Amino acid sequence: MSDLVPLTGEPLALDLVNTRPAAGDLLETPDGLRNWWTLQADRLPDEVPQEITAADLAAVRAVREHIARALGHVRRGDRPLAADLEALNEAQRAAPAINELVWNGSAVTAARRREGSPGRRLAAWLAEAAAEVLADPVATRIRECEADDCVMLFLATHPRRRWCSAARCGNRVRVARHYHRRKAG
């Protein structure tokens with residue numbers, strides 16, 4: 001399986017950090033961001049826009065870098081850099097969320113939405129997702145995959161979990177171990 005296939009299903013902030021596997025960057029172009037956003041569409045409130053600008057891409061990539069650094073510190077039990085926390089806070093402030101009240105014909109409903117360009121809104125939602133993970137004690141259970149050529153992060157829901165994906169890295173490690181045992185024997 002290609003390392004440029006995104007790992008999804010972890011907390012949203014981890015899925016964003018995991019868009020930078022060892023073999024490249026899934027968010028190198030606006031099309032790459034659109035593809036990843038489409039994969040995550042059911043977890044995000046905004047629809048995937050047709051037009052994603054370089055500024056939108058830059059906003060999301062900046063949030064990704066700040067999340068990655070902050071998670072690196074927090075998962076080791078260290079204090080994250082103030083600049084990373086402030087940048088995540090600023091990303092949320094750049095597209096503040098409101099509960100927009102509307103009358104649906106029979107009742108008032110509230111829908112949470114953000115103002116701003118698609119990239120700024122996405123960056124804000126992702127910074128908010130990072131805030132939830134960073135503030136949760138579960139952040140200390142975030143691990144890096146133990147496969148030699150993998151840099152993916154995952155939330156260890158089981159104490160014996162060692163790989164980002166059993167199908168992605170687990171199989172490769174097991175096959176390599178089997179090969180070395182057969183070769184030595």
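In the predicted model, Leu33 is buried, with a relative accessible area of 0%. This residue belongs to helix H2, which spans residues 30-39. Apart from neighbours within four places in sequence, the contacts of Leu33 comprise Leu26, Leu27, Ile52, Asp56, Leu57, Val60 and Leu122. One of these partners, Val60, is separated from Leu33 by 27 residues in sequence, while the C-alpha atoms of the two lie 8.5 Å apart in space.

A second buried position is found at Glu128, whose relative accessible area is 16%; this value falls under 20% and therefore meets the criterion for burial. Glu128 is located in helix H5, formed by residues 118-134. When neighbours within four places in sequence are set aside, Glu128 is in contact with Gln92, Arg112 and Arg114. Arg114, listed among the contacts of Glu128, also lies over the face of Trp125, at 4.3 Å from the ring centre. As regards pairing between aromatic rings, the structure holds zero aromatic pairs.

Trp103, by contrast, is exposed, with a relative accessible area of 58%; the value is over 50%, so the residue is classed as exposed. Trp103 is placed in strand S1, which covers residues 97-103. Together with Leu101 and Val108, Trp103 forms a nonpolar patch on the surface. The combined accessible area of Leu101, Trp103 and Val108 is about 380 Å².

Notes: Residues numbered from 1 in each chain as written. Predicted model: local features only at pLDDT ≥ 70, side-chain atom pairs only at ≥ 80, totals over all residues. Heavy atoms only, no water. Phe/Tyr/Trp six-rings, centres within 6.5 Å; stacked < 30°, edge-to-face > 60°. Lys NZ or Arg CZ within 6 Å of the ring centre and 35° of its normal. Patch = residues over 30% accessible without salt bridge, like charges linked within 9 Å, V, L, I, M, F, W, Y side chains within 5 Å. Areas by Shrake-Rupley, 256 points an atom, 1.4 Å probe, with all protein chains shown as cover. Salt bridge = Lys/Arg side-chain N within 4 Å of Asp/Glu carboxyl O. Helix = DSSP H or I, 4+ residues; strand = E, 2+ residues; numbered from the N terminus. Buried < 20%, exposed > 50% of the residue type's maximum accessible area, 1.4 Å probe, protein only. Contact = heavy atoms within 4.5 Å.
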